[in-house]
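Visitor: Could you walk me through this model, one question at a time?
Guide: Gladly; here it is.

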Amino acid sequence: MTAHDEVRFRSCLDDVAAYKPGKPPERADGRPTYKLSSNENPYPPLPGVLAAATEAAASMNRYPDMGALELLETLSARFDVPVSDLAVATGSVALLYHLLQASCAEGDEVVYAWRSFEAYPIAVQLTGATSVQVPLTDDARHDFKAMAAALTDRTRVVLVCTPNNPTGPVVHRDELVSFLDAVPRNVLVVIDEAYREFVREPATVDGVELYRDRPNVVVLRTFSKAYGLAGFRVGYAVGHAPVITAIRKCALPFGVSEIAQTAAVASLKAEAELLERVEALVAERTRVVGELRAAGWDVPETHANFVWMPLGDDTVAFAEAAQAEGVSIRPFPGDGARVTIGEPEANDLFLGVARSWRR
């Protein structure tokens, strides 16, 4: 077959790396295994949420409500924003893809901190735009002075992940406001708050508050983490009408299933009960971080449902040691590992590996 006979694809795909999901744990001896690699909520669905989703499954022969009106109206009441300023899609990552598709083309630039969410460079590259990665500070936080210096007349989008995945620290309101004041108004700033419900830092930013008087700010949130709907894939965006219109133009029709929409509405109605579970995970996070530091680990502050292990060249070996004990974690070779806060039994197994490693 000659080159003239081969099917051709866009050149921007040549160097796109595949997204790597967290691996399930494996163990040959039959003892329990735990998955701490995907930042999932370890608790099963609330009975009321499960019942609502099961009832919705009875109409799976019909298309879902493409406008997701009940979910949007429920979100509108919950956050006091108009329905016209809301969009839903198959997870917050899908909303990110839609935003970049709507905003970027070849020659454009997208600025974000690094290391951050591993989907960012993939999503940017698929548009043909260029990633401008700004290193985190030594304490694993966003360096907003360096990010401001990285802006050029080719910058179309800035991504801000808070709490930052995979390192854990949050962005403070004062530092983000100062940064936004330095960003041109025609540059879209995406505040990715997938882990917002786990934050207990009073100085943290609230993206929805900032969006209200800033037309170039859009906020992404999800039902996958705190609300425990990772398998249903439903996230939402809060932004001004022109931004939301652009998202909807790029969105896959009927992307969010009726079951997912129903489960999300039921979850919002059961929010108080769900957030009790979040409190339990926050307490476990405090315990895990405290025990890691007591064992000699220098781990950064985290306000998400995970902790970052700055392992450098030892990352893969540490992940293999955890796997041998029945715990899968998420390694980023040469850099570090992200470990989800799970059920206490899983956390104890992980802590045992961490203590042994330090010794």
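**Sheet, cores and a buried threonine**

Visitor: Which residue in β8 stands opposite Val219?
Guide: Strands here are DSSP runs of E with at least two residues, and helices are runs of H or I with at least four, numbered from the N terminus. Strand β7 (residues 217-222) pairs with strand β8 (residues 235-238) in the antiparallel sense over 4 bridges, where pairing requires at least two DSSP bridges between the strands. Opposite Val219, in β8, stands Val238.

Visitor: Before we go on, what kind of model is this?
Guide: Residues are numbered from 1 along each chain as its sequence is written, and side-chain values use heavy atoms, leaving out hydrogens and water. Local features need pLDDT of at least 70 and side-chain atom pairs count only at pLDDT 80 or more, while totals for chains, interfaces and linings use all residues, since the model is predicted.

Visitor: Which strands are at the edges of the sheet?
Guide: The sheet is open, with 7 strands in the order β2-β8-β7-β6-β5-β3-β4 and mixed pairing. Each edge strand pairs on one side only, and these are β2 (86-89) and β4 (130-135).

Visitor: What angle does the direction of helix α3 make with that of β7?
Guide: Helix α3 (residues 92-103) packs on the sheet, touching β2, β3 (109-114), β5 (155-161), β6 (188-192), β7 and β8; contact means heavy atoms within 4.5 Å. Axes are lines fitted to C-alpha atoms, for helices over the stretch in contact, and angles run from 0 to 180 degrees between N-to-C directions. The angle between α3 and β7 is about 155°.

Visitor: Which helix gives the largest share of the largest nonpolar core?
Guide: A nonpolar core is a set of buried Ala, Val, Leu, Ile, Met, Phe, Trp, Tyr and Cys residues joined through side-chain atoms within 4.5 Å. The largest one has 85 residues, and Leu71 and Phe223 are among those with the most contacts inside it. Its largest share, 7 residues, comes from helix α10 (residues 271-294).

Visitor: How many residues has the second, separate core?
Guide: Its members include Leu96, Leu100, Leu159 and Val218. The count for this second core is 27 residues.

Visitor: Is Thr340 buried or exposed?
Guide: Thr340 lies in strand β12 (residues 336-340). Leaving aside neighbours within four places in sequence, Thr340 is in contact with residues including Leu36, Asn305 and Asn347. Buried means under 20% relative accessible area, exposed over 50%, and partly exposed in between (1.4 Å probe, protein chains only). With a relative accessible area of 2%, Thr340 is therefore buried.
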